[in-house]
Amino acid sequence: MTDKPIPLTGKALLQKVKELSHKPRRETAKDCGYYSLTKDGQVRVNLTEFYDAVLGAKGVPLEPGTAKDGRGREPTYRVSVHKNGQIVIGSTYTQEMGLKPGDEFEIKLGYKHIHLKQIGDDGEVVEEEAA
């Protein structure tokens, strides 16, 4: 164990939490890097920081004003159809989800909705984790 663990965030954190779902919360948090060592070498698990990171990775903003787009505006989680028929999802949202250029999605059209399902590295749709 190192003195300064690098905690997992974003999609990597959610994947690790899913893999460790059989373990107790404290062990999961520790295995995801949310711990520190006391002066006498004792492990101190940072559950609050871990929970905040999990919620953040799931797109739940915890502190007002932290999810701004760099121009001082907060995301509204609403979009409109442009004149050319396109719908643009801004970088604020894709960054919040930890998406990178080249990430692919499957589009499912409903009567009054559109579902985007992320395609994993294996070419399969990434199944949503139960909340």
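This report describes the fold, the buried positions, the side-chain pairs and a surface patch of one protein.

## Overall layout

The structure is a predicted model. The protein contains four helices and four strands, and along the sequence these follow the pattern α-α-β-β-α-α-β-β. Of the 131 residues in the protein, 18% are buried. Its accessible surface comes to about 10500 Å², and carbon and sulfur atoms account for 52% of that surface. Among contacts between residues at least 6 apart in sequence, 36% join residues at least 24 apart.

## Helix α3

Helix α3 covers residues 47-57. Which of its residues are buried? They are L47, F50, A53, V54 and A57. Seen down the axis of α3, these buried residues fall within an arc of 125 degrees, so they line one face of the helix. The elements they pack against are α1, α2 (25-31), β2 (43-45) and α4. Just after α3 comes G59, which takes a positive phi of about 90 degrees.

F50 also takes part in the ring contacts of the model. The protein has two aromatic pairs. One of them joins F50 and Y51 in a tilted arrangement, with 5.8 Å from centre to centre and 45 degrees between the planes. The two partners differ in exposure: F50 is buried, at 5% relative accessible area, whereas Y51 is partly exposed, at 34%. Ring pairs link Y34, F50 and Y51 into a cluster.

## Salt bridges

Side chains of opposite charge can pair when their charged atoms come close. How many salt bridges does the protein have? The count comes to three. The table gives the N to O distance for each pair, together with the relative accessible area of both partners.

| Salt bridge | N to O distance | Lysine, relative accessible area | Acidic partner, relative accessible area |
|---|---|---|---|
| K11 and D103 | 3.4 Å | K11, 30% | D103, 27% |
| K23 and D31 | 2.6 Å | K23, 29% | D31, 34% |
| E106 and K108 | 3.8 Å | K108, 43% | E106, 28% |

What does the bridge between K11 and D103 tie together? The closest N and O atoms of K11 and D103 are 3.4 Å apart. K11 lies in helix α1 (residues 10-19) and D103 in the loop between α4 (91-96) and β3 (104-109), so the pair ties together parts that are 92 residues apart in sequence. K11 is partly exposed, and D103 is partly exposed as well.

In the second bridge, the side chains of K23 and D31 meet at 2.6 Å. K23 counts as partly exposed, and D31 also falls in the partly exposed range. The third bridge brings the side chains of E106 and K108 to 3.8 Å, N to O. Here E106 is partly exposed, at 28% relative accessibility, and K108 is partly exposed, at 43%.

## Q118 and its surroundings

Q118 lies in strand β4, which spans residues 114-119. Is Q118 buried or exposed? At 15% relative accessibility, Q118 counts as buried, because the cut-off for a buried residue is under 20%. Leaving aside residues up to four places away in sequence, Q118 touches K11, L99, D103, E104, F105, E124, V125 and V126. The list of residues touched by Q118 includes K11 and D103, and K11 and D103 form a salt bridge with each other.

## A nonpolar patch on the surface

Which residues form the nonpolar patch on the surface? The patch is made of V79, V81, I87, I89, I107, L109, I114 and L116. Together these residues have about 800 Å² of accessible area. Strands β3 and β4 each supply at least two residues of the patch. V79, one of the patch residues, lies in the loop between α3 and α4. With 47% relative accessibility, V79 counts as partly exposed.

## Summary

The model combines four helices and four strands. Helix α3 has its buried residues along one face, and these pack against α1, α2, β2 and α4. Three salt bridges are present, including the one that joins helix α1 to the loop between α4 and β3. On the surface, V79, V81, I87, I89, I107, L109, I114 and L116 form a nonpolar patch.

Terms used. Residues are numbered from 1 along each chain as its sequence is written. This is a predicted model: local features need pLDDT of at least 70, side-chain atom pairs count only at pLDDT 80 or more; totals for chains, interfaces and linings use all residues. Side-chain values use heavy atoms; hydrogens and water are left out. A salt bridge is a side-chain nitrogen of Lys or Arg within 4 Å of a carboxyl oxygen of Asp or Glu. Buried means under 20% relative accessible area, exposed over 50%, partly exposed in between (1.4 Å probe, protein chains only). Contact means heavy atoms within 4.5 Å. Accessible areas come from the Shrake-Rupley method with a 1.4 Å probe; for residues, only the protein chains shown count as cover. The arc is that of the directions from the helix axis to the C-beta atoms. Rings of Phe, Tyr and Trp (its six-membered ring) pair if their centres lie within 6.5 Å; planes under 30 degrees apart count as stacked, over 60 as edge-to-face and the rest as tilted. Patches are made of residues with over 30% relative accessible area and no salt bridge: like charges are joined within 9 Å, nonpolar side chains (Val, Leu, Ile, Met, Phe, Trp, Tyr) within 5 Å.
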